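The following note sets out, point by point, the features of the model that a colleague may wish to check against the coordinates. Please read each paragraph with the structure open.

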Amino acid sequence: MTRLRFAPAAFLSAAPLLFVLLWSTGFLGTKGAARNADPFAFLTVRFVLAAGLMALLTAALRAPWPTRAQAGRAAVTGLLLHAGYLGGVTTAIWLGLPAGVTSVLVGVQPLLTGFLSWPVLGERVTARQWAGLALGFTGVLLVMEGRVSGGLGSPAALGAAAFALLCTTAGTLYQRRVGGTCRC
């Protein structure tokens, strides 16, 4: 019987491309799912599939188990970056906020993180980084300009998008603060 061998190096070199492909299509998939499913039922299926895939990859790579402290930090980060962010985004779209508008609103996250990096982390944002953030925010404003005249959606939908923005910002700052030692 021939044993299937897993080539971690080949997978790891393709992982960034796979991540970009999956992440960039997330709002499109969510838009389609939000028309036909409860947001939390959709996310439950999505998370179960992701957990199964991660279990297979963990076994194939023979990854070590995290310590309790690492698992706790990963759980907090996961709750903020995945449950909070994706729950908010999916709910906003389900409540009628257009997927493009939702993605642009939560796309303000780098700017918000930049503003909070000094008071929360003690890290200063350089002038060059501020210029990049300002350029990105200008892009957000340009995209939003055409949407504002037609109305953005209900207060509940906007609140869900704001919740997603706050969760992804908090998760990013938390991961930045504690993530340096978490290799899980």
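**Notes on the predicted model**

1. **T168 and its surroundings.** T168 is placed in helix α8, which covers residues 155-178. The model under discussion is a predicted one. T168 has a relative accessible area of 11% and, because buried means under 20%, it falls in the buried class. Not counting residues up to four places away in sequence, T168 touches L80, L81, Y85 and Q109. Of these contacts, L80, L81 and Y85 carry numbers that fall within helix α4 (68-94), and Q109 is the residue at which helix α6 (109-121) begins.

2. **Overall organisation.** The secondary structure of the protein amounts to 8 helices and 0 strands. Read from the N terminus, the order of elements is α-α-α-α-α-α-α-α. The protein has 184 residues, of which 26% are buried. Among contacts with a separation of 6 or more, 83% are between residues 24 or more positions apart. The accessible surface of the protein is about 12,100 Å², and carbon and sulfur atoms contribute 70% of this area.

3. **The aromatic pair.** How many aromatic pairs does the protein have? The count is 1 aromatic pair. The partners are F115 and W130, with a distance of 5.0 Å centre to centre and an angle of 50° between the planes. The pair is classed as tilted because its angle is neither under 30 degrees, as for stacked rings, nor over 60, as for edge-to-face rings. F115 belongs to helix α6 (residues 109-121) and W130 to helix α7 (residues 127-148), so the pair ties together parts that are 15 residues apart in sequence. As to accessibility, F115 is exposed, at a relative accessible area of 52%, whereas W130 is partly exposed, at 29%.

4. **A charge over a ring.** The charged end of R124 is positioned over the ring of W118, at 4.0 Å from the ring centre. The reviewer may wish to inspect this arrangement together with the salt bridge described next.

5. **The salt bridge.** Which side chains form the salt bridge? The whole structure contains 1 salt bridge, and in it the side chains of E123 and R176 meet at 3.0 Å, N to O. This pair links distant parts of the chain, with E123 in the loop between α6 and α7 and R176 in helix α8, 53 residues apart. E123 is partly exposed, with 29% relative accessibility, while R176 is exposed, with a relative accessible area of 53%. R176 thus shares helix α8 with T168, although T168 is buried.

6. **A nonpolar surface patch.** L18, L21 and L22 make up a nonpolar patch on the surface, and together they have about 290 Å² of accessible area. L18 is located in helix α1, residues 8-24. The relative accessible area of L18 is 39%, which places this residue in the partly exposed class. Because patch residues need over 30% relative accessible area, the value for L18 meets that requirement.

7. **L95 in its loop.** L95 lies in the loop that connects α4 (68-94) with α5 (99-106). Is L95 buried, partly exposed or exposed? With a relative accessible area of 37%, L95 is partly exposed. When neighbours within four places in sequence are left aside, L95 is in contact with S154, A156 and A157. In addition, the C-alpha atoms of L95 and A34 are separated by 8.5 Å, the two residues being 61 residues apart along the chain.

8. **Backbone at R62.** R62 is in the loop between α3 (39-61) and α4. Its phi is near 55°, which is a positive value in a residue other than glycine. R62 is exposed, with a relative accessible area of 64%. The backbone at R62 may be examined in the displayed structure.

9. **S103 in helix α5.** S103 is part of helix α5 and counts as partly exposed, at 25% relative accessibility. The C-alpha atoms of S103 and I93 are separated by 9.7 Å, and these residues are 10 residues apart along the chain.

Terms used:
Residues numbered from 1 in each chain as written. Predicted model: local features only at pLDDT ≥ 70, side-chain atom pairs only at ≥ 80, totals over all residues. Heavy atoms only, no water. Helix = DSSP H or I, 4+ residues; strand = E, 2+ residues; numbered from the N terminus. Buried < 20%, exposed > 50% of the residue type's maximum accessible area, 1.4 Å probe, protein only. Contact = heavy atoms within 4.5 Å. Phe/Tyr/Trp six-rings, centres within 6.5 Å; stacked < 30°, edge-to-face > 60°. Lys NZ or Arg CZ within 6 Å of the ring centre and 35° of its normal. Patch = residues over 30% accessible without salt bridge, like charges linked within 9 Å, V, L, I, M, F, W, Y side chains within 5 Å. Areas by Shrake-Rupley, 256 points an atom, 1.4 Å probe, with all protein chains shown as cover. Salt bridge = Lys/Arg side-chain N within 4 Å of Asp/Glu carboxyl O.
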